[in-house]
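Colleague: Could you take me slowly through one part of this model, the salt bridges, and explain for each residue you choose where it sits and how far it is open to the surroundings? I am in my first year, so please spell out each step.

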Amino acid sequence: MVKIGLQIKATLENVDEIKTSHPSYTFFIKIKCSNCGEESEKWHDLTEDETTNEDSRNPKGFNFYMKCKLCSRENSIDILEGTNAAYSADDSEKFKTIVCFDCRGVEPVKFTPRSGWIVQSTENGQRYEDVDLSEDDWVEYDEKNKQDVGVYSFESQFVKLKK
């Protein structure tokens, strides 16, 4: 089992924090088989509150399960409970781990944020739900505080975590 953290980095303008709509947020990732190195061409989705493929090894099931097309190895990923974190104004322009994955036989290599983010503007301003960050930039106007709010230059990376 390898523990891998998804880190994000963005520039926040008049935003207190951004976070996923945990635990129903769907992470879209591309993966690589640790056995043969085969990298997926399509995006795979995994959600913490959804499981698949219950079997004797894991009666609860997995958040993501697949058999490698090339080597036929069975692989799975689970989102580690309680690891979801918000990205705050203090984190702006720095990488921060926002969720951790328990990976068995496969590793995530790319992430696309898509929709489902929650953005809270500064000074108890407006809260925006189901924000789409797929364009790596997002801008709105906070009527309550009479100011622009934005998330810019969104980036992500995966890092192996120490146990």
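Modeller: Let us begin with Asp 102 and Lys 3, which form a salt bridge whose closest N and O atoms are 3.8 Å apart; please keep in mind throughout that this is a predicted model. Asp 102 belongs to strand S8, which covers residues 96-104, while Lys 3 belongs to strand S1, which covers residues 2-13, so the pair ties together parts that are 99 residues apart in sequence. The two partners can also be described by their accessibility: Asp 102 has a relative accessibility of 7% and therefore counts as buried, whereas Lys 3, at 25%, counts as partly exposed. The cut-off behind these words is that a residue is called buried when its relative accessible area is under 20%, and exposed when that area is over 50%.

We can now turn to a second pair, in which Asp 78 forms a salt bridge with Arg 104, with 3.0 Å between the closest N and O atoms. Here Asp 78 lies in strand S6, made up of residues 74-79, and Arg 104 lies in strand S8, so this pair ties together parts that are 26 residues apart in sequence. Asp 78 counts as buried because its relative accessibility is 13%, while Arg 104, with a value of 24%, counts as partly exposed.

A third pair is formed by Glu 107 and Lys 160, whose salt bridge has its closest N and O atoms 3.4 Å apart. This pair, too, links distant parts of the chain, since Glu 107 is found in strand S9 (residues 106-112) and Lys 160 in strand S13 (residues 147-160), 53 residues apart. Glu 107 is at 18% relative accessibility and so counts as buried, but Lys 160 is at 57% and so counts as exposed.

Returning to the residues of the two earlier pairs, we find that Lys 3, Asp 78, Asp 102 and Arg 104 are joined into one network by salt bridges that share partners. The pairs described here are among the eight salt bridges that the structure holds.

Finally, strand S9, where we met Glu 107, also contains Thr 112. Thr 112 has a relative accessible area of 14% and is therefore buried. Leaving aside residues up to four places away in sequence, Thr 112 touches Tyr 25, Phe 28 and Trp 43.

Technical notes: Residues numbered from 1 in each chain as written. Predicted model: local features only at pLDDT ≥ 70, side-chain atom pairs only at ≥ 80, totals over all residues. Heavy atoms only, no water. Salt bridge = Lys/Arg side-chain N within 4 Å of Asp/Glu carboxyl O. Helix = DSSP H or I, 4+ residues; strand = E, 2+ residues; numbered from the N terminus. Buried < 20%, exposed > 50% of the residue type's maximum accessible area, 1.4 Å probe, protein only. Contact = heavy atoms within 4.5 Å.
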